[in-house]
Structure formats: structure tokens, C-alpha cells
Amino acid sequence: MLSVFRGIIAVCLVLLAAGCTLPRSAALQNQIISEGTSQTPSFQVVEVTRAAMPMLARWPYTGDDARHGWFRADRGPDSSLIRTGDRIDIVVWDNQDNSLISDIGDKQTQIPPLTVSATGTVYLPYVGEVVVRGLTPEAARERVQQKMEMVVPAAQVQLGVTPGRNNSVDVVSGVGNPGRFALQDRNTRILSVLAQAGGVDTSLRQPRIRLQRDGRAYSTRLDAVLSDPSLNVRVQGGDQIAVVEDMRSFTAIGASQNQRLIHFEKERMSALDAVSAAGGLSARRADPKGVLILREYQPRQLRKGPEGPDMQQVVFAIDLTSADGLFAARQLQVHPGDTLLTTESPITSAQTILGLIGSVVGIGARVDNIGE
């Protein structure tokens with residue numbers, strides 16, 4: 001019997017010497033990197049270093065939440081501009097007894113509400129078409145009065161504007177009272193509009209603002225806007241705003257503490273943030289030299305040269321045992337849909353076999369004792 005156990009030990013030693021291992025729960029770094037660096041690779045391997053970060057920062061953004069990014073706030077005029085679709089209310093005051101536009105004894109005439117046409121004009125009796133689009137309400141009042149003075153020399157004009165669709169924004173979801181909200185001036189901020197709409201729904205997990213403007217989409221986290229006044233941008237007429245849950249996520253697998261789908265915890269997450277969100281590396285299993293980010297690009301995003309990836313599938317290899325790797329991991333941004341793969345340390349496999357040998361030796365010793 002003892003000879004049998006000695007034979008098993010010999011086999012285990014041969015496996016260990018040959019580099020063979022028992023089944024693992026995570027891949028080894030060299031298994032992945034070697035395939036990616038072969039003569040006919042099926043994916044591209046990029047070593048993440050500080051020297052490589054300026055190049056990688058120019059690579060395209062990927063994921064379901066592909067974006068045009070957000071933009072910085074600026075200061076706009078406190079006045080509004082008249083747009084097509086706005087309603088104009090005009091009252092003409094005239095103290096002449098034989099006024100052309102008012103009845104005897106009346107000093108004012110209320111002109112029926114006027115809508116700014118597609119050509120930017122309103123029609124006034126005895127005057128004709130008057131261009132008001134693009135003017136402030138005060139400038140429009142002065143222009144209408146100048147036109148009226150041609151037929152009513154003593155006319156005084158009072159003008160009011162009710163914003164139409166092109167001077168309003170739509171808040172469509174994620175707030176207490178969705179609807180259309182008129183802009184009072186050109187300095188209205190997005191947080192002011194959300195407040196008018198009843199505030200953000202408190203049941204939303206990690207709410208995210210999406211803004212559609214002129215056929216382009218912009219997106220950012222609500223907490224980022226709340227913490228940074230420069231992100232509280234001005235809205236424009238025709239904007240459509242939605243507040244939704246931040247569904248961006250990445251997957252953590254391999255020798256990390258947590259293997260699961262992880263939602264983004266903030267607007268931008270670095271590779272180091274991702275490792276932390278995954279619970280860190282398993283002290284007994286993980287290879288800190290083999291932290292990998294797996295990403296898939298669209299064919300239209302491929303580039304020749306440093307401006308983008310050469311292949312659709314890219315593996316970013318990070319060595320967290322060096323200062324260079326750590327600083328680079330703080331700069332490399334994780335994209336939605338990425339996979340964080342923590343490879344298994346080669347030492348773990350050796351320890352597994354050595355543990356097996358120890359168990360076999362222990363069993364053999366007990367068998368010998370029984371035989372005696």
C-alpha cells in the first residue's frame with residue numbers, strides 16, 4: 001500500500017515540475033498574454049503604463065452609454081429672446097380723440113394674441129408684418145411702437161411674451177412633475193428646471209441626467225452636477241431632459257474578492273476604483289501582476305496608429321506591484337461593459353499540488369501505522 005502512495009506522490013511531483021496544474025477558477029496571466037502576442041493574435045494586448053496613458057486617453061469611448069460627454073457651464077444674458085411659436089400680447093395706448101385704432105372714449109386697444117410665425121414675424125393691423133424673432137421683449141416693443149407711430153403718432157405700446165415650444169424645455173422622466181417648462185431668460189440652469197419639475201425622484205438609484213439637444217445626447221451623474229457648479233449648465237429652448245438610473249456597469253471575474261456585475265459608483269471610475277469596488281484582490285489566489293481589463297470596440301472605432309485600437313478586442317494588462325502600474329491604473333478609465341479579470345497567481349497552483357502531496361503523505365503515514 002505504501003508503494004501506491006509513493007507512486008501518487010511521484011506523479012504529483014512530475015506534474016509540478018512540468019508546470020501542469022489542477023483545474024483553476026481563474027486564468028493565468030501568461031496564458032492570456034502569450035496568445036495576444038503570438039504571430040496571429042485574435043486580440044490586442046496593451047501594457048498599461050504611465051508613458052502609454054496620453055495615447056490611451058485619445059482612444060474612443062465604448063459601452064452602452066456612448067456619449068458626447070458633458071460640457072461646462074457659462075454665463076448667459078438675463079433676458080430672453082423671442083422665438084417662433086411664442087405668443088405676443090400687445091396693448092396700444094392712444095390719447096387722441098379720433099384714434100384710428102380705438103373707439104371714442106377708449107384710450108387703449110387690446111390686439112388679439114399673436115403667434116410668431118415660421119418667418120419670425122407677427123401681423124399688426126394698419127402696419128403689416130413686423131419681424132420680432134431674435135429680439136428681446138423690450139427691443140420688440142420698441143420696434144412695434146416705431147411701426148405703430150407711422151399710423152398712430154402718439155401711440156404707446158405695451159408688449160408681453162408667453163414662451164412657446166422653442167423657448168421651453170421638456171422634462172420627461174425621473175422627476176415629481178414631468179412636463180414642459182417655459183424659460184424666463186437665457187441664464188436658466190438645469191438644476192433650476194429640475195426643481196420646477198418637482199425635484200428628482202428619490203427612489204432612483206444613482207440618478208443620471210440625460211440631455212438631448214440638436215440631435216446630440218449628453219449625460220452625466222446628478223451627484224457630479226450637485227457637487228460641481230461648473231456642470232450646472234444652461235438649458236436652451238427645445239432641450240429634452242430625462243433623469244434615469246445609472247445603469248453603467250462592468251463585470252468582475254477571476255481571483256477578486258467579489259465576482260459579479262458591478263454598477264458604476266461615480267461618473268468616472270479608474271481601473272484602481274474597479275479593483276476596489278470588486279473587493280480588492282484575493283490575498284491567497286490573485287496575481288497582482290496580472291490584472292486585466294477586457295474591452296470590445298466597434299469596427300468603426302478601429303484606428304491605425306496611436307489614435308485608437310488595432311483590433312476590436314483589447315486586453316489592457318496592469319502590474320499593480322510597481323509604482324508605475326499603480327499610477328497608470330489610477331488614470332486608466334473603465335468603460336461600461338468592460339470585464340475586470342484578476343488572474344490567478346502561479347504560486348497558488350504550486351501550493352495546491354504541494355497541499356495535495358502533503359495530504360497524500362499524511363494518508364500514507366496513517367496507512368503504515370495501521371499496517372504495523
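## Overall character of the chain

About 19,700 Å² of accessible surface is computed for the chain, and 53% of that surface belongs to carbon and sulfur atoms. These values, like the others in this report, come from a predicted model. Of the 372 residues in the chain, 41% are buried, and the secondary structure comprises 9 helices and 16 strands. Among the contacts with a separation of 6 or more, 68% are between residues that lie 24 or more positions apart.

## A mixed sheet of five strands

One part of the chain is an open sheet of 5 strands, arranged in the order S8-S7-S11-S9-S10 and with mixed pairing. Its edge strands are S8 and S10, the latter covering residues 216-221, and each of these pairs on one side only. On average, neighbouring strands of this sheet are turned by 25° against each other when direction is ignored. As a general point, strands of a sheet pair through backbone hydrogen bonds, and the pairing may be parallel or antiparallel.

Strand S7 (residues 168-173) shows both arrangements, since it runs antiparallel to S8 (residues 179-182), to which it is joined by 4 bridges, and parallel to S11 (residues 240-245), to which it is joined by 3 bridges. Val171 has a bridge partner in each of these strands, namely Gly179 in S8 and Ile241 in S11. Ser173, also in S7, has Ala242 as its bridge partner in S11. S7 and S8 together form a hairpin with 5 residues between them, and in the turn Gly174 has a positive phi of about 80°.

## The loop after S11

Met247 is found in the loop that lies between S11 and strand S12 (249-254). When residues up to four places away in sequence are not counted, Met247 touches Arg205 and His263. The C-alpha atoms of Met247 and Phe264 are separated by 7.7 Å, although these two residues are 17 residues apart along the chain.

## Aromatic pairs and a cluster

The chain holds 5 aromatic pairs, counted with ring centres within 6.5 Å. In general, a pair of aromatic rings is described by the distance of the centres and the angle of the planes. For Trp59 and Tyr297 the ring centres are 6.1 Å apart and the planes stand at 75°, so this pair is edge-to-face, given that planes over 60 degrees apart are placed in that class. The pair links distant parts of the chain, with the two positions 238 residues apart in numbering: Trp59 lies in the loop between helix H3 (53-56) and strand S2 (87-93), while Tyr297 lies in the loop between strand S14 (286-296) and strand S15 (313-318).

Both Trp59 and Tyr297 are buried. Together with Phe316, these two residues form one aromatic cluster.

## The buried face of helix H8

Where do the buried residues of H8 lie when the helix is seen down its axis? In this helix, which spans residues 323-331, Gly325, Ala328 and Ala329 are buried. Seen down the axis of H8, the buried residues fall within an arc of 105°, and they therefore line one face of the helix. The elements that cover these buried residues include H3, helix H7 (271-277) and S15.

Conventions:
Residues are numbered from 1 along each chain as its sequence is written. This is a predicted model: local features need pLDDT of at least 70, side-chain atom pairs count only at pLDDT 80 or more; totals for chains, interfaces and linings use all residues. Side-chain values use heavy atoms; hydrogens and water are left out. Two strands pair if DSSP finds at least two bridges between them. Contact means heavy atoms within 4.5 Å. Axes are lines fitted to C-alpha atoms, for helices over the stretch in contact, and angles run from 0 to 180 degrees between N-to-C directions. Buried means under 20% relative accessible area, exposed over 50%, partly exposed in between (1.4 Å probe, protein chains only). Accessible areas come from the Shrake-Rupley method with a 1.4 Å probe; for residues, only the protein chains shown count as cover. Rings of Phe, Tyr and Trp (its six-membered ring) pair if their centres lie within 6.5 Å; planes under 30 degrees apart count as stacked, over 60 as edge-to-face and the rest as tilted. The arc is that of the directions from the helix axis to the C-beta atoms.
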